[in-house]
Amino acid sequence: MRTELENRIETVTGTVLPDDVRIVGIEGTDIIRSEVIEACVREFLPATISSGRWQEDPASGIRQDLLSSVDWSLSMVAVRGDAVVGCYLLSRPGDVNAAAAELSGTGVEGLALVVLKSHRGFGIGRALRAVPEAMGFDYVVGTHLKTLGNLDHWLRRRHLIGEEDDMWITAEVFNGPLPVSSPQPAP
Ligand SMILES: CC(C)(COP(=O)(O)OP(=O)(O)OC[C@H]1O[C@@H](n2cnc3c(N)ncnc32)[C@H](O)[C@@H]1OP(=O)(O)O)[C@@H](O)C(=O)NCCC(=O)NCCS
């Protein structure tokens, strides 16, 4: 039996989740939060090192950054069988909100979207990415290290709303007006 959230995710994505995949909240479960965080640390470490961010200890930098912002009551994981195979860590928009000043309504910030390599290409990332809309938020914002080289992927549905030295800031609006001004990525 699919949950209401999973049904909404399928509506938002227009695709059906694989039968053995569930999208579930973390709070109130025995999912080990530190394991979810460490999977994100491993995934983002190479791009963080090449960005030069937190030079002294990039792994600790990512870990602390996530731990200080994550809202476990909003964050979701993908479970396949018994294993956690992906996550979308979310928070209430923090400083990034300055760049999102034009956005109205209640937003959420996507902190880390990760699917384990062996489970990619099955629609799990797409399902997790749809969580903010399925939860009923008006918009989602996110920062993306430039060294991840994935802005093209995000701009398939999001708008570029800001830029820092090593980060792009993007937003997807589900309800309400689109942001008017956007910086342009260098070709
Ligand atoms: C991004 C990621 C979660 C996609 O997971 P997945 O289960 O393979 O994705 P799916 O098969 O469900 O869907 C593919 C979708 O993801 C998007 N995608 C693929 N690689 C991506 C990437 N590196 N960054 C952002 N989006 C990506 C595709 O554009 C596609 O979008 P579509 O819905 O418009 O077709 C996965 O590749 C991953 O964990 N990458 C490493 C972590 C990362 O870079 N996360 C983004 C941080 S900003």
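Good morning. Of the 20 residues around the ligand, those that come nearest are Leu113, Gly125, Arg126, Arg129 and His153. Please bear in mind throughout that this is a predicted model.

Let me stay with the ligand for a moment. Which atoms of Leu113 lie 2.8 Å from a nitrogen atom of the ligand? The contact is made by the backbone of Leu113, through an N or O atom. Ile124 also uses a backbone N or O atom, and here the partner is an oxygen atom of the ligand, at 3.2 Å. With Arg156 we turn to a side chain: one of its polar atoms lies 3.1 Å from an oxygen atom of the ligand.

I now move to a pair of helices. Helix H2 covers residues 33–51, and helix H3 covers residues 58–69. Their axes are 9 Å apart, and the two helices pack at an angle of about 130°. How should we describe that arrangement? An angle over 145 degrees would count as roughly antiparallel, and one of 65 to 115 as roughly perpendicular; H2 and H3 are therefore oblique to each other. Is their crossing left-handed or right-handed? The crossing of these two helices is right-handed.

Which residues bring H2 and H3 together? On the H2 side they are Ile37, Glu38, Cys40, Val41, Phe44, Leu45, Thr48 and Ile49. On the H3 side, they meet Pro58, Ala59, Ile62, Arg63, Leu66 and Leu67. Sorted by character, the residues of this contact comprise eleven nonpolar, one polar and two charged.

Next, consider one residue of H2, namely Ser51. Its side chain reaches the backbone oxygen of Thr48 at 2.7 Å. Thr48, as you may recall, is among the H2 residues that meet H3. If we set aside neighbours within four places in sequence, Ser51 is in contact with Leu145, Thr147 and Asp166. By contrast, Gly86 is 35 residues from Ser51 in sequence, and their C-alpha atoms are 24 Å apart in space.

Finally, I turn to the loop between H3 and strand S2, the strand formed by residues 76–80. Asp71 lies in this loop. What does Asp71 touch, not counting residues up to four places away in sequence? Its partners are Leu90, Ser91 and Arg92. Asp71 and Leu111 are 40 residues apart along the chain, and a distance of 9.7 Å separates their C-alpha atoms.

To close, I would ask you to locate two places in the structure: the ligand with Leu113 among its nearest residues, and the oblique pair H2 and H3. Thank you for your attention.

How values were computed: Residues are numbered from 1 along each chain as its sequence is written. This is a predicted model: local features need pLDDT of at least 70, side-chain atom pairs count only at pLDDT 80 or more; totals for chains, interfaces and linings use all residues. Side-chain values use heavy atoms; hydrogens and water are left out. Axes are lines fitted to C-alpha atoms, for helices over the stretch in contact, and angles run from 0 to 180 degrees between N-to-C directions. Helices (H or I, at least four residues) and strands (E, at least two) are DSSP runs, numbered from the N terminus. Angles under 35 degrees count as roughly parallel, over 145 as roughly antiparallel, 65 to 115 as roughly perpendicular and the rest as oblique. A crossing is left-handed if the near helix is turned anticlockwise from the far one by less than a right angle, and right-handed if clockwise. Contact means heavy atoms within 4.5 Å. Ala, Val, Leu, Ile, Met, Phe, Trp, Tyr, Cys and Pro count as nonpolar, Asp, Glu, Lys and Arg as charged, and the others, Gly among them, as polar. A residue is near a molecule or strand if one of its heavy atoms lies within 4 Å of it. A polar contact is a pair of N or O atoms within 3.5 Å; within protein, one must be able to donate a hydrogen and the other to accept it, and residues adjacent in sequence count only if both atoms are side-chain atoms.
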